[in-house]
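Visitor: I have not looked at this structure before. Please show me how to read its features.

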Amino acid sequence: MLLEGLRADVARYARKMSTSGLVRATQGNLSARDAKTGRVCITPSGADYDTLTAEDIVVVDEKGEVVEGRWQPSLETPLHTLILRCRRDIHCVMHTHSLYATAFGVVYQSVPVVLSESAACLGAEVLVAPYAPSGTLEFAELVAEYLGEGSAVIWGNHGAMVVGTTLALTFSTAHALEDSAMVYAIARQLGEPKLLPPEAVAQLRAYWLAHYGQRALAGDREAAGR
Ligand SMILES: [Zn+2]
């Protein structure tokens with residue numbers, strides 16, 4: 001089986017997405033690029049997270065053509081591969097339906113930087129891309145534009161997407177976004193939230209990138225979540 005280790009890792013983190021509440025039922029999808037071959041391991045369309053194994057993960061090339069797999073790849077494969085082609089600095093793309101981040105996408109409000117942990121993972125406020133039918137090239141280009149060089153983007157009237165160098169860091173970033181959205185929503189009910197000053201955000205982000213964000217690119221197998 002091609003890329004057996006990475007496929008097992010994608011299956012494991014996809015199950016963690018489900019058990020930690022980032023997605024429910026068969027929602028969401030996850031991909032990781034093998035740095036050596038450039039091939040992408042992605043969850044299948046309609047993934048059953050409870051039973052997902054390495055054999056269920058589909059291997060595609062960077063254009064999204066299936067290389068090996070017993071299922072159809074996620075319907076969002078064109079978006080994953082577009083993001084991975086645009087962003088050589090990351091290797092993983094995770095789409096979630098986490099509730100609070102999704103709620104910000106329904107009122108079309110960006111999620112500001114309110115927590116130090118989130119400042120490190122996210123690095124900036126998270127914007128909301130306009131609604132477009134998912135699975136289309138128009139939608140993929142919109143998401144890529146709103147993501148830019150960032151770590152996360154919210155999809156209007158849909159969910160959220162985060163990117164990262166490793167599966168472990170991408171999973172942490174997805175939770176950082178959800179925590180920020182939830183805490184900010186609660187804080188607004190209690191009073192006037194204070195945002196982190198831009199210089200503090202820049203400092204936290206720089207430290208995080210230096211100590212965690214670039215490790216996978218340096219070939220650190222441990223940081224790759226294995
Ligand atoms: Zn979705």
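What follows is a short talk about helix contacts, burial and cysteines.

Guide: This is a predicted model, in which local features need pLDDT of at least 70 and side-chain atom pairs count only at pLDDT 80 or more, while totals for chains, interfaces and linings use all residues. Residues are numbered from 1 along each chain as its sequence is written, and side-chain values use heavy atoms, with hydrogens and water left out.

Visitor: How do H1 and H6 cross, and at roughly what angle?

Guide: Helices are DSSP runs (H or I, at least four residues), numbered from the N terminus. Axes are lines fitted to C-alpha atoms over the stretch in contact, and angles run from 0 to 180 degrees between N-to-C directions. Here the axes of H1 (residues 4–19) and H6 (residues 167–190) come within 11 Å and cross at roughly 15°. Angles under 35 degrees count as roughly parallel, over 145 as roughly antiparallel, 65 to 115 as roughly perpendicular and the rest as oblique. H1 and H6 are therefore roughly parallel to each other.

Visitor: Which residues make the contact of H1 and H6?

Guide: Contact means heavy atoms within 4.5 Å. H1 brings Leu-6, Asp-9, Val-10, Tyr-13, Lys-16 and Met-17, and H6 brings Leu-167, Ala-168 and Phe-171. Seven of these residues are nonpolar, none polar and two charged; Ala, Val, Leu, Ile, Met, Phe, Trp, Tyr, Cys and Pro count as nonpolar, Asp, Glu, Lys and Arg as charged, and the others, Gly among them, as polar. An α-helix has 3.6 residues a turn, so residues three or four places apart point the same way.

Visitor: Is H2 largely enclosed or not, and why?

Guide: A residue is buried under 20% relative accessible area, exposed over 50% and partly exposed in between (1.4 Å probe, protein chains only). H2 (residues 77–86) is largely enclosed by the rest of the structure, because seven of its 10 residues are buried. Among them are Leu-79, Leu-82 and Ile-83.

Visitor: How do H2 and H5 cross?

Guide: The axes of H2 and H5 (residues 137–147) come within 9 Å and cross at roughly 40°, which makes H2 oblique to H5. Leu-79, Leu-82 and Ile-83 of H2 meet residues of H5 including Phe-139, Val-143 and Leu-147. This contact has eight nonpolar residues, no polar and one charged.

Visitor: How many disulfides are there?

Guide: A disulfide is a pair of cysteine sulfur atoms within 2.5 Å, and the count comes to zero. The sulfur of Cys-92 is 9.9 Å from the closest cysteine sulfur, in Cys-41, too far for a bond. Cys-92 counts as buried, at 3% relative accessibility.

Key. Helix = DSSP H or I, 4+ residues; strand = E, 2+ residues; numbered from the N terminus.
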